Amino acid sequence: MRLAAAINAALSREEIRQTDMLHQETSVAVIGAGAIGGITAAYLGKAGWDVELVCKHQQTVDRVASSGLRVFGIRGEDVYRVKAVRQIADLSSTKDVVLLATKADACVEAAQEALPFLRDTSVLVSLQNGISEYRLAEIAGRERVIGCVVGWGATMHGPGELEMTSEGEFVVGNIDHKPDSRLPRIQEMLSAVVPTRISENIMGELYSKLIVNSCINSLGAITGLPLGKLLAIRKARNLFIRIMEEAIHVADAMGLRVEPGGGGKLDFYRFLGSTSLSARFKQHVTIRAIGFKYRRIRSSSLQSLERGRKTEVDFLNGYITHMGRVHGIPTPVNDALVTIIKEIESGSRPISPQNLHDTLLGLQ
């Protein structure tokens, strides 16, 4: 028995050693040191992966170098040391895996700058809100791009001060719905952060999250209201429904099956399946309940506007309108929301609940 235990222990140590070697041989870059990127890099480093974190600001690089990344929240608190550089051009070597954790509006430029650090066999994994995979594929090649849904929450409170606010998962998949031998390695890697699953319909998963974000981000951005106050307004709930309806019509034209949203709880097809008075009543009750549960959430697009920054609307509602034009599907509500948000970005329109009543939106 002692001999068997000793052999098992030796085998376990050897498996750990081989795993550590495998991690060290796989070079990883995380581009973007915000909440999602920073926490991802911290946990990958802790698990033994050879990771470099690209920070946008020198202040963040200095913080990581001096005292590390402080990650706190629902899993407790700890400090993590990772290699950090100021620019993509400062990366130490080519990478097997590049995790893009920038804002969606910055991911295209980041992917272009990362090209010299990609090998023919390297993969680019998008951790953005919205759908940016098609833009990344134009830059790096479709065979290099892996789709990924970020299903957990985090907030950055300052350089290197990162709070994990909610548990969840990563979902990864091949953007052409093909078998992909690289996915188990990506799954293993990201599982060091949160549970990770492989999807055979990653674009349907991404589109599902896009619909929810298009509702919450756009309406929060134009009104300035947190979700609870926003969804207490009937017109806002009607707009939620219209955004979803247009998005599903576009998905149908694309031949895309949209996966359930909200952690698998919201089946869009069933939710939008009937226009009877009783069905509409249930829709409003459901949306109002969502607003109450997440009443303190403030749109990330609203937060960007308040900081004087551009939003990710081109990769959210803008993706719906773009694909609508490609397939000849009208998307008047999403079109109007893109226009209104662009006007707010340019300074020609204020953020106000009165924007819900704009005639562009077509609701009386």
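**Exercise 1: a surface patch.** Find out which residues make the nonpolar surface patch of about 240 Å² in this predicted model, and where Tyr 294 sits.

*Solution.* Start with the members: Ile 290, Tyr 294 and Ile 297 make the patch. Next, place Tyr 294 on the chain: you'll find Tyr 294 in the loop between helix 11 (277-293) and helix 12 (300-306). Finally, check its cover. Tyr 294 has a relative accessible area of 38%. Buried would need under 20% and exposed over 50%, so Tyr 294 counts as partly exposed.

**Exercise 2: a strand with two partners.** Work out which strands pair with strand 6 (residues 95-100), and whether its residues are mostly buried or exposed.

*Solution.* Take one side first. Strand 1 (residues 27-31) pairs with strand 6 in the parallel sense, over 4 bridges. Here Val 28 has Val 97 as its bridge partner. Now turn to strand 7 (residues 118-126), which also runs parallel to strand 6, with 5 bridges between them. Val 97 turns up again, this time with Val 123 as its bridge partner in strand 7. What connects the story is helix 4 (residues 104-114): together with strand 6 and strand 7 it makes a right-handed β-α-β unit. As for cover, 5 of the 6 residues in strand 6 are buried, so the strand is mostly covered.

**Exercise 3: salt bridges.** How many salt bridges does a search of the whole structure find? Pick out the one formed by Glu 161 and trace its network.

*Solution.* The search gives 18 salt bridges. In one of them, Glu 161 meets Arg 63, with the closest N and O atoms 2.6 Å apart. This pair links distant parts of the chain: Glu 161 belongs to strand 10 (residues 161-166) and Arg 63 to helix 3, 98 residues away. With a relative accessible area of 18%, Glu 161 is buried.

Two further bridges are worth a look. Arg 257 and Glu 259 come to 2.5 Å at their closest N and O atoms, and Glu 259 counts as buried at 14% relative accessibility. Shared partners also build a network, made of Arg 63, Arg 70, Glu 77 and Glu 161. Then there's Arg 349 with Asp 358, at 2.9 Å from N to O; both of these residues are buried.

Helix 3 (residues 58-66) also holds Gln 58, which is partly exposed at 39% relative accessible area. Gln 58 and Pro 159 are 101 residues apart in sequence, with 9.6 Å between their C-alpha atoms.

**Exercise 4: tyrosine rings.** Why is the pair of Tyr 43 and Tyr 80 classed the way it is, and how does the pair of Tyr 134 and Tyr 319 turn out?

*Solution.* Begin with the count: the whole structure has 4 aromatic pairs. The ring centres of Tyr 43 and Tyr 80 are 5.4 Å apart and their planes meet at 75°, so this pair is edge-to-face. Tyr 43 is in helix 2 (residues 35-46) and Tyr 80 in strand 4 (residues 78-80), 37 residues apart. Both tyrosines are buried.

For Tyr 134 and Tyr 319, the centres lie 5.3 Å apart and the planes are at 55°, so the pair is tilted. Tyr 134 lies in helix 5 (residues 133-140) and Tyr 319 in helix 13 (residues 317-327), so parts 185 residues apart in sequence are tied together. Tyr 134 is partly exposed at 24% relative accessibility, while Tyr 319 is buried at 6%. Last step: add Tyr 207, and you have one aromatic cluster of Tyr 134, Tyr 207 and Tyr 319.

Conventions:
Residues numbered from 1 in each chain as written. Predicted model: local features only at pLDDT ≥ 70, side-chain atom pairs only at ≥ 80, totals over all residues. Heavy atoms only, no water. Buried < 20%, exposed > 50% of the residue type's maximum accessible area, 1.4 Å probe, protein only. Helix = DSSP H or I, 4+ residues; strand = E, 2+ residues; numbered from the N terminus. Pairing = 2+ DSSP bridges. Right-handed = clockwise from strand over helix to strand, strands pointing away. Patch = residues over 30% accessible without salt bridge, like charges linked within 9 Å, V, L, I, M, F, W, Y side chains within 5 Å. Areas by Shrake-Rupley, 256 points an atom, 1.4 Å probe, with all protein chains shown as cover. Salt bridge = Lys/Arg side-chain N within 4 Å of Asp/Glu carboxyl O. Phe/Tyr/Trp six-rings, centres within 6.5 Å; stacked < 30°, edge-to-face > 60°.
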